[in-house]
Amino acid sequence: MIETLKNTIDYLSTPTISFTLITAIFPFVFPPTDWFDRINRKLRIDKLWTNTGGLIQFILITGFFVLGYQDPNFKIILMKGDNFPIVLMVYSMAFFTWYAMKKSYINDARLDEGKKPMEYHDPEDKVLVWPDLVYIEFICLILFMVFLIVWSILVPAPLEEPANPAATPNPSKAPWYFLGLQEMLVYFDPWLAGVIFPTLIIVGMCAIPYVDINKKGDGYYSFKERRVGYFIFMYGWVVLWVYLIIIGTFFRGPNWNFFGPFEYWDPHKLEVLNNVNLSEYFWVIGLGQPLPSNILLRESVGFLVTGIYLFVVPVLLAKTVLKKMYEAYGPTRYTFLMILGLSMLSLPIKMYLRWFFNLKYIIGIPEWFFNI
Amino acid sequence: MPEDKKKESLLDKVGNSPVWKSIFRSGVPRTRRQRMYAVLGNVFLHLHPARLPRHAVKVGYTWCMGGLSFFLFVVLTITGILLMFYYRPTVEYAFTDIIDLGEQVPLGIMREIHRWGAHCMVLTTWLHMLRVFMTGSYKPPREFNWAVGVILMTLTLLLSFTGYLLPWDQLAIWAVTVGTNMARATPFLGSEGPGASLLAIGDINLIHSASDVRFALLAGRFVGEATLLRFYVLHCIAVPFIAMIFMAVHFWRIRKDGGISGPL
Ligand code: HEM
């Protein structure tokens, strides 16, 4: 019984399956349009954000960790000192997402009734910082310090063997908060996963206030007024960041192979990798010719595809489906949004191309370290 | 009048003494007016305005996460200073000093508080960002402060990352090796980055493994003694210094942008 459950969880957590599932479910959990919202309410998914829903989430997460703790393989990973913060991350992320969504739904209901959001108070009715705020801060601070000291007494900070440049551990992992980036290395070369994407993430995050032209929902929790914003942010945050961190920490073993949570980290596990470049698909498999020796000719298909993706698709969209959006946003904002959006989307696209077609590079010029 | 004197509590006596008044400028804050003075007249408290809208002091609204991030920064600074008394950033001593910190130093949990606190600070800044997003508090006029926040978060990650190397154990050098290997692939500036071969004078490549950004980061071709010193200085002086400047801007801008956000 337990074994079947474990095997099911192992199976479901394979990136191919878990990523697809999460992505497919996501718009129903954070519905960006009316249509999704109707289904969300019909299936009563919005009940996730009630007290009962929160309790169920809590029980599921805790159940997973309890089950995991009893499993010899998962316990090893779970008990690594520096992995504990990730357990904390899972709980706090779940809790605060739940809490914010709960407040948003309460406010939405109030707004529907024509009332003000619950954060609203008479502007004349102010409180004094001393004592009202100072005391709250003080209590927060004390409680947090108690928590930190107890944690520090109970769990010694991890320390492994002294550094030895000759003995590379397998797997070698970056600190946990960078594991999302390290996970991207599976699908992209370091110049993209390690340099360009982090830069785009930082620039893109700074750009959020400048590209979001929705004036509503400032200063109170509300889902209804900012559905698309919540949806995009939550997808980037929960799936492309937190989910990848969890995969990178718990599920990546020796040689960066995937292991389900209850699988033994077998260093000899072999994964057959015969990934093929787009150029090989086109010239060798498609046209039955040897690869052209001219690099640019060889990669011309890749350049064409990438060019269409980056330069033609946004223009086409602006003329058709996203016409209204283009008019509302103006050319600069629209271009910027497209660059960021298309880069963000390129990750799932590349994942699926890899999983389904074993595609290695769309443009592959190792001679110039230029692989996409 | 002896009866009046009896009513005056010890706190009032202290509060009305010339010494107290010279330090805090107001007596024990009892009346509304005194309480406002207590905040305005104190360099630490006057980060706050004297009065706030009611929702702004609710933990349910801000989750106290920005405040906790700052508090953790302070805790990490203090514990970090204590650690610096014992720790020597050399390949010879670093690892053993870390062991001594736990075994020889009285109350040897400073390293634990520092390490777990650092992990917590990463989490609290993330959660703070989540809260700011969920309440739409980045909307005008607070756009710039959001950008400052993003930089603060990046700096928090960098602080955590540079500190990771200092214990000089296997975990440390390999995590940092994996992390800094990326720099090799920086376009134009990394020895294995696209376009690096374009930066050449005739046959001489300007960008090679001993002149690229990774070399600048590590002070060498691999993580070694010089890297340890470099990361130590970055971790203890350079990044905190920059973070402090950005925090000052962050806090000042909260006030200048009209205080904490709220519904109109
Ligand atoms: C070291 C990191 C940081 C510290 C110490 C810090 C500190 C604070 C504090 C104390 C506040 C007051 C309100 C509150 O507690 O929520 C605040 C507000 C704010 N923070 Fe941060 N913060 C940090 C990082 C960030 C990040 C990562 C972001 C966003 C990406 C951000 C954006 C903002 C904005 C926009 C406000 C104004 C919110 C409002 O008016 O409701 N901060 N910050």
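# Two chains in a predicted model

Me: Where does A:Pro15 lie in chain A?
Reply: In this predicted model, A:Pro15 is part of helix H2 of chain A, which covers residues 15–29.

Me: Is A:Pro15 buried or exposed?
Reply: A:Pro15 is buried, and its relative accessible area comes to 9%. The cut-off for buried is under 20% relative accessible area, so a value of 9% places A:Pro15 in that class.

Me: What does A:Pro15 touch, leaving out residues up to four places away in sequence?
Reply: With those left out, A:Pro15 touches A:Thr20, A:Tyr187, A:Tyr243, A:Arg252, A:Phe258 and A:Trp355. One of these contacts, A:Tyr243, is 228 residues away from A:Pro15 in sequence, and the two C-alpha atoms are 9.9 Å apart in space.

Me: A:Phe258 caught my eye there, so which aromatic cluster is it in?
Reply: A:Phe258 belongs to one aromatic cluster together with A:Phe58, A:Phe64, A:Phe65, A:Phe74, A:Tyr91, A:Phe250, A:Phe251 and A:Phe262.

Me: And how many aromatic pairs are there over all chains?
Reply: Searching the whole structure gives 56 aromatic pairs over all chains. Among them is the pair of A:Phe303 and A:Phe370, which is stacked, with 6.3 Å from centre to centre and 15° between the planes.

Me: Which parts does that pair tie together?
Reply: A:Phe303 lies in helix H13 (residues 300–319) of chain A, while A:Phe370 lies in strand E3 (residues 370–371) of chain A, so the pair ties together parts that are 67 residues apart in sequence. A:Phe303 is partly exposed at a relative accessible area of 33%, and A:Phe370 also counts as partly exposed, at 22% relative accessibility.

Me: Switching to charges, which ring does the charged end of A:Lys269 sit over?
Reply: The charged end of A:Lys269 sits over the ring of A:Phe259, at 4.6 Å from the ring centre. In chain B, B:Arg88 lies over the face of B:Tyr93, and there the distance to the ring centre is 3.9 Å.

Me: Let's step back to whole chains: how many helices and strands does chain A have?
Reply: Chain A has 14 helices and three strands. Its C-alpha atoms fill a box of roughly 80 × 60 × 45 Å along the principal axes, and buried residues make up 45% of its 372 residues. For chain A contacts with a separation of 6 or more, 66% are between residues 24 or more positions apart. The accessible surface of chain A is about 19300 Å², and carbon and sulfur atoms account for 71% of that.

Me: What about chain B, how many helices and strands there?
Reply: Chain B has twelve helices and three strands. The box filled by its C-alpha atoms, taken along the principal axes, is roughly 95 × 55 × 30 Å, and of its 264 residues 50% count as buried. Among chain B contacts with a separation of 6 or more, residues 24 or more positions apart account for 58%.

Me: What radius of gyration does chain B have?
Reply: Chain B has a radius of gyration of 25 Å, whereas a compact globule of 264 residues would have one near 18 Å. Chain B exposes about 13100 Å², and 68% of this is supplied by carbon and sulfur atoms.

Me: How many residues of chain B are in contact with chain A?
Reply: There are 87 residues of chain B in contact with 94 residues of chain A. The area buried between the two chains is about 8400 Å², and carbon and sulfur atoms give 74% of it.

Me: Which three residues supply more than any other three of the area that chain B buries against chain A?
Reply: They are B:Trp116, B:Trp126 and B:Met134, which supply 10% of the area that chain B buries against chain A.

Me: One last spot, where is B:Thr186 found?
Reply: B:Thr186 is found in the loop of chain B between helix H10 (170–181) and strand E2 (200–201), and B:Thr186 is buried, with a relative accessible area of 16%. Apart from neighbours within four places in sequence, B:Thr186 is in contact with A:Val195, B:Gly193 and B:Val213.

Me: And B:Ala216, which helix is that in?
Reply: B:Ala216 is in helix H11 (residues 213–218) of chain B. B:Ala216 is partly exposed, with a relative accessible area of 47%, and its C-alpha atom is separated by 17 Å from that of B:Ile173, which is 43 residues apart from B:Ala216 along the chain.

Terms used: Residues are numbered from 1 along each chain as its sequence is written. Chains are lettered from A and ligands numbered from 1 in the order in which they are written. This is a predicted model: local features need pLDDT of at least 70, side-chain atom pairs count only at pLDDT 80 or more; totals for chains, interfaces and linings use all residues. Side-chain values use heavy atoms; hydrogens and water are left out. Rings of Phe, Tyr and Trp (its six-membered ring) pair if their centres lie within 6.5 Å; planes under 30 degrees apart count as stacked, over 60 as edge-to-face and the rest as tilted. Helices (H or I, at least four residues) and strands (E, at least two) are DSSP runs, numbered from the N terminus. Buried means under 20% relative accessible area, exposed over 50%, partly exposed in between (1.4 Å probe, protein chains only). A charge sits over a ring if NZ of Lys or CZ of Arg is within 6 Å of the ring centre and within 35 degrees of the ring normal. The radius of gyration is taken over C-alpha atoms; the globule rule is 2.2 Å times the number of residues to the power 0.38. Contact means heavy atoms within 4.5 Å. Accessible areas come from the Shrake-Rupley method with a 1.4 Å probe; for residues, only the protein chains shown count as cover. Buried area is the accessible area (1.4 Å probe) that two parts lose on being put together, summed over both.
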